[in-house]
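User: Please take a close look at one part of this model for me, the open sheet and the helices packed on it. I would like a connected walk through it, strand by strand.

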Amino acid sequence: MSSNKVNEKINLLAEFEGVVSGHRDGHGFVIRDDGQADIYLPSNEMRAVLHKDRVKARIVRTDRKGRPEGRVTEIVERFDTPIIGRLLQESGVWLVAPEDKRYGQDVLIPKGATGSAKPGQVVVVQLTEPPALYGQPVGRVKEVLGEIDDPGMEIEIAVRKYGVPHEFSEAAMAQARALPDHVRSSDHKKRVDLRDVPLVTIDGEDARDFDDAVYCEPAKVGRTKGWRLLVAIADVSHYVQTGSAIDIDAYDRATSVYFPRRVIPMLPEKLSNGLCSLNPGVERLCMVCDMLINAKGEVHAYQFFPAVMFSHARFTYTEVATILQNTRGPEAQSRKPLVPYLLNLHDVYLALLQARAARGAVDFETTETQIVCDESGRIEKIVPRTRNDAHKLIEEAMLAANVCSADFISQGKHVGLFRVHEGPTPEKQDILRNYLKAMGVSQTISDNPQPAEFQQIAAATKDRPEAQQIHTMLLRSMQQAIYTPLNQGHFGLAFEAYTHFTSPIRRYPDLLVHRVIKAILAQQRYQLPALPTPGEAHAKLSKRLASRAKPPVAGEPVKKVSADTLAWQAAGLHCSANERRADEASRDVEAWLKCKYMREHLGEEFSGVVSSVTSFGLFVTLDAMYVEGLVHITELGGEYYRFDEARQELRGERTGIRYALGTRVQVQVSRVDLDGRRIDFRLVSGDEELVLRAMRDKTNGSADAQEGVPRASLSKPAKKVGTVSRDKPASNKSASGRSSNRKESSGGARQPSEKSRKGRR
């Protein structure tokens, strides 16, 4: 028997453990713990299991698509999270249709287990009997959320769907109520008094919590001119003691979650909007990073110290940008005493910007959007969020303070959490090289790419017609940043060491960094408390990171990791995973709102641009709406299209018509699936000249050689709205656009709020 057949037989006999991932079409997969290829589960195998159950399975065959097909041999653990859905009554039988279609089965509700719920209402169900091969799952109504169209219902669903903690414990609330309403004189002890220094906050118009305040003055650095920059950050650690009830709740949340019109804070409101927030005109406790910055934008020296401050003004980004553009205008006149300090801040920002360019940090300009809702929560409009010099000024000041905090922890030889952003994986490097070559870009990346190489490619291609798609591919090649005690630098920002210090009101890692800095100042060691057991999100991220870990080199001794470092690694994983969870919940709500918004525009036509290309179709972002939807490949005309991964395009074999990132198209809104968070478009008649040009390119055999040839054409007229369309395979993308793995780099993955630009990286 050949070795291949022996291995195949062994694989068929072996059992693998993993987590079930359901699909809205009824089948599913087992996501294996060992990181190997997922095992496909046909719909009949999914009858006895539910999405997120932990199972043992074995491979029984390979299906016609080459996928390993499996059979569940044992259910190891049932996923115990409640299911959210709508209560329905059919032929006298009560059941709940899950909002998350990956569950695949309706839940039967016995008579007397519906509570006060009425048909059609959104409810939370606790399972009392799991599914079986010949029986549906059974449950009871645990909570009634309300009617599907109630304002804010999408948020109520999302926080439960993603397991976002949204209620503080009674112990935490009691502890918050016991805190003082203002800074007491006894709190001033061992603090530098900065109340006479005109520190100011600069935030978005809708900001409610103010983490940071800034001040700048000219200073001599060595023999040359420079600046003294103060970044004062709310001293949350003074009020939130390690292991306290508030601390436990804050760790559980790990971050504030930002939705349109609502924030679920990490800390009780008395702290987040009151005692810790650097509100104008009141005393506040703070931790200060005091920096001397030279004319080249380099931090010459720094120090950290606790202080008491008094915010002299609450500025908005728009207001500061207006003042910087016209120092004699009415806005500047109304803030006249503070204008010189704003000009100093702008001067140091220009120097920091110079240093950023010198170190080669990646900086892609991307379009972020903001959802504007009315009082009932309905979308009024979606507008681009523009970044002006005030945004960038604050961002550079926060980056400088974060770098100093990372250096301070390293110099103090203390364990802490770094914000690590590694370079692209070898697989992503290959994809990017092939893409750049296919696009005729002369520059490429080396075997050990540096951030400056990405920035050089972005600069060299900024005037090309395909600039947007090239920059998008550069951004997608990046990995996501994580929190870890093992410093490996920040690739996108080109920093050797980087951490998060500037937002302790809304990020738990920043709170930990503050505690470590205080411990170093006091010549002590900060000890992590006994933290709660990490949850599902932690386990998923841990598995992903383990699959990327480099195997040990033969002959080299394996480094032992201390128990202290292991504890910090667990805390970093927990915070990283819950950051992902918050992003997913925010995207889910945005997708829901966009779907409701686009239901009002069924049948209407819009211009747009191809924002993603897959083997099953095109994702198009509308110019006017900033909403993304799918044009399925079956809507592209009556010919066969090949997906070119290197070029990230679909190309028609007969006509040679190409659809790629950046292609301009005209589409019609054909279908909106609120439950699936999906919007479907179909192409409408376009410029026939583009079709003829594509045909000429194909005939001449020169399509790949010519630069500047339009990558698009529209060849299929719209069908009448209201016709029954064929079912499309699920795309795993939300109506808001991307799947959940946006990469964080200097240029900016989309964030949930205006605040997020500051130090999020």
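Analyst: What follows goes through the sheet from edge to edge, then turns to the helices and to a few backbone details elsewhere.

A word on confidence comes before the details. This is a predicted model. The protein averages a pLDDT of 84, and 84% of the residues score at least 70. Over residues 686-690 the pLDDT is below 50, yet the model gives this stretch seven contacts beyond near neighbours in sequence. Residues 1-10 also stay under 50 in pLDDT. For residues 1-10 the model has one contact beyond four places in sequence.

Now the sheet. It is open and has five strands, in the order S11-S18-S17-S14-S13. The pairing is mixed. Strand S11 (192-193) and strand S13 (212-221) stand at the edges. Each has a single partner strand, so one side of each is left without a neighbour in the sheet.

Start at the S11 edge. S11 pairs with strand S18, residues 299-310, in the parallel sense. Two bridges hold this pairing in the model. Asp-193 stands opposite Val-308 of S18.

Next comes the pairing of S18 with S17. These two strands run antiparallel and are joined by 11 bridges. Arg-284 faces Met-309 of S18 across this pairing. S17 and S18 also form a hairpin, with four residues between them. In that turn, Gly-297 has a positive phi of about 85°.

Stay with strand S17, residues 283-294. S17 is mostly covered, with 10 of its 12 residues buried. Its pairing with S14 is antiparallel and has nine bridges. Two partner pairs can be named here. Ile-233 has Met-287 of S17 as its bridge partner. Val-231 is matched with Cys-289 of S17.

The loop that leads into S17 deserves a stop. Gly-281 lies there, between helix H5 (269-275) and S17. Its relative accessibility is 45%, so Gly-281 counts as partly exposed. Leaving aside neighbours within four places in sequence, Gly-281 is in contact with Phe-310 and Ser-311. The C-alpha atoms of Gly-281 and Ala-313 are separated by 7.4 Å. Along the chain, Gly-281 and Ala-313 are 32 residues apart.

Strand S14, residues 224-234, follows in the sheet. S14 is mostly covered too: eight of its 11 residues are buried. With S13 it runs antiparallel, and 10 bridges join the two. Pro-218 stands opposite Trp-227 of S14. S13 and S14 form a hairpin with two residues between the strands. Gly-222 in this hairpin takes a positive phi near 70°. That brings the walk to the S13 edge, where S13 has a single partner strand.

Which helices lie across these strands? Helix H8, residues 339-359, lies across S13, S14 and S17. H8 runs at about 75° to S13. Helix H9, residues 389-411, lies across S13, S14, S17 and S18. H9 runs at about 105° to S18.

H8 also meets another helix. The axes of H8 and helix H6 (residues 317-325) come within 10 Å and cross at roughly 90°. H6 and H8 are therefore roughly perpendicular to each other. From H6, the contact uses Val-320, Ile-323 and Leu-324. From H8, it uses Val-339, Leu-342, Leu-343 and His-346. By type, the residues of this contact are six nonpolar, one polar and no charged.

Two backbone details elsewhere are worth a check. Most residues other than glycine have a negative phi. Arg-261 is not a glycine, but its phi is positive, about 75°. Arg-261 is found in the loop between strand S15 (257-259) and strand S16 (262-264). At 49% relative accessibility, Arg-261 counts as partly exposed. Tyr-626, again a residue other than glycine, has a positive phi near 60°. Tyr-626 lies in the loop between strand S25 (617-622) and strand S26 (628-632). With a relative accessible area of 26%, Tyr-626 is partly exposed.

Note on methods:
Residues numbered from 1 in each chain as written. Predicted model: local features only at pLDDT ≥ 70, side-chain atom pairs only at ≥ 80, totals over all residues. Heavy atoms only, no water. Pairing = 2+ DSSP bridges. Contact = heavy atoms within 4.5 Å. Axes fitted to C-alpha atoms, helices over the stretch in contact; angles between N-to-C directions. Buried < 20%, exposed > 50% of the residue type's maximum accessible area, 1.4 Å probe, protein only. pLDDT = per-residue confidence, 0-100. Parallel < 35°, antiparallel > 145°, perpendicular 65-115°, else oblique. Nonpolar A, V, L, I, M, F, W, Y, C, P; charged D, E, K, R; others polar.
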